[in-house]
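Here are a few exercises to try with the model open beside you. Work each one yourself before reading the solution.

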Amino acid sequence: MSRKNVDRDALIASLGSLNGSQVLVVGDLMLDHYLVGNVERISPEAPVPVVTVKSEHLLLGGAGNVALNIARLGGDPYLIGVTGSDDNAENLRQLVAMEELEGNLVSVDDRPTTIKTRIIAQNQQVARVDKEISKPLTIEQTRGVLNAIAEIIDEFEVIVLSDYGKGLVTMEFMDAFRALVLAQDRPPKVLVDPKLKNFNLYKGAYCVTPNSKEALEAAHRLQFESRVDVLRTGASIFRQLACEHVLITLGPNGMALFDTPSEVFHFPTVAKRVFDVTGAGDTVIATLGVSLAAGHDLLTAALLANYAAGNVIGEVGTATTTQEALINAIRYGHAPEIVTWLSEKEGASS
């Protein structure tokens, strides 16, 4: 292994180029609903805490949170996804408008808009309640999404596919989506935030960004006990998907970037504390996407994504980061470091 420190000033200077960088975001849309309060007693009806709610709010979740992260970093996202035909769909549209995001939200009639209600007390999540129907959409139901992509795809060099397993991503949808991508004179880079049940559908992606759990399950492994386990897991994902790159987020252990199966870099975590990983994957892929759209190489994009993730996991609930927050994290936080875990000279473990 070798270690290399990165120039803080150069990394900070690279952030300016994110402004106005265009990213197409396609995926599952949802609302994140928060009930925030205090616990002062146990219910007499059952051995559960009683939460006295002090505040309530709605945030964009899923692909909407990815788009919001891109916008907060200075990028210019365009959001495409599916909602139900209900009051929560209108709430979602209002949030998109309030955040001044552009997009095309396609309504379907046979399901509610996905909403996740998180109950927070004393800065901890007490419970989560999901209202959703996640059965796969038919190709007819996704036709509006595919048409919306077709109308605008030639304007983008980077597409983020945010799959939360809520029914949009199916084999039929991915076949049609892939055909649209490959039909472009310069096919855009497709980044995928994966869901395990659809893992084999992402073949040929530019980069997939599984977390530890997703990567282990995709590679049929139990846990990461060593660097070799991570290397073998990444190699397995390459074999399954024939993708160009893999970025495995390792929670408190940072990230592993597989430029190729035999060229692997590790970024130690820069988080000062870990409160809640909700939305961290959204922040990682958003930062990766807007950085690549700005013309940065994958290594720089991953470094910035590592800092962005470090910022949001120190917050409770779905969070975003900003250029200013990244500047402060890079300038005053842990020194940016790249550790070479595997080089072309060594070859990949199998």
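**Exercise 1.** In this predicted model, decide whether Lys 166 is buried or exposed.

*Solution.* Begin by locating the residue: Lys 166 sits in the loop between strand 8 (158-162) and helix 5. Next, take its relative accessible area, which is 13%. The cut-off for buried is under 20%, so Lys 166 counts as buried.

Now look at its surroundings. Setting aside neighbours within four places in sequence, Lys 166 is in contact with Asp 28, Met 30, Arg 111, Thr 114, Lys 116, Glu 132, Ile 133, Ser 134 and Lys 135. As a further check with your distance tool, Lys 166 and Pro 210 lie 17 Å apart, C-alpha to C-alpha, with their positions 44 residues apart in sequence.

**Exercise 2.** Work out how helix 4 (residues 143-152) and helix 5 (residues 171-182) are oriented to each other, and which residues make the contact.

*Solution.* Start with the axes: they come within 10 Å and cross at roughly 10°. Angles under 35 degrees count as roughly parallel, and therefore helix 4 and helix 5 are roughly parallel to each other.

Then list the partners. Helix 4 contributes Val 145, Leu 146, Ile 149 and Ala 150, while helix 5 brings Phe 173, Ala 176, Phe 177 and Leu 180. Sorting these contact residues gives eight nonpolar, no polar and no charged.

**Exercise 3.** Describe helix 8 (residues 280-293): how many of its residues are buried, and what follows the helix?

*Solution.* Take the length to begin with. Helix 8 has 14 residues and reaches 20 Å from its first C-alpha to its last, close to the 20 Å expected at 1.5 Å a residue. Moving on to burial, twelve of the 14 residues are buried, so helix 8 is mostly covered. Among the buried ones are Asp 282, Ile 285, Leu 288 and Leu 292. Finally, helix 8 is followed by Gly 295, which has a positive phi near 100°.

**Exercise 4.** Find how helix 2 (residues 63-72) crosses helix 8, and sort the residues of their contact by type.

*Solution.* The two axes come within 8 Å and cross at roughly 50°. That angle makes helix 2 oblique to helix 8. For the hand, the crossing is right-handed.

At the contact, Asn 65, Val 66, Asn 69 and Ile 70 of helix 2 meet Asp 282, Thr 283, Ile 285, Ala 286 and Val 290 of helix 8. By type, these residues divide into five nonpolar, three polar and one charged.

Methods: Residues numbered from 1 in each chain as written. Predicted model: local features only at pLDDT ≥ 70, side-chain atom pairs only at ≥ 80, totals over all residues. Heavy atoms only, no water. Helix = DSSP H or I, 4+ residues; strand = E, 2+ residues; numbered from the N terminus. Expected span 1.5 Å × (residues − 1). Buried < 20%, exposed > 50% of the residue type's maximum accessible area, 1.4 Å probe, protein only. Axes fitted to C-alpha atoms, helices over the stretch in contact; angles between N-to-C directions. Parallel < 35°, antiparallel > 145°, perpendicular 65-115°, else oblique. Left-handed = near helix turned anticlockwise from the far one by under 90°. Contact = heavy atoms within 4.5 Å. Nonpolar A, V, L, I, M, F, W, Y, C, P; charged D, E, K, R; others polar.
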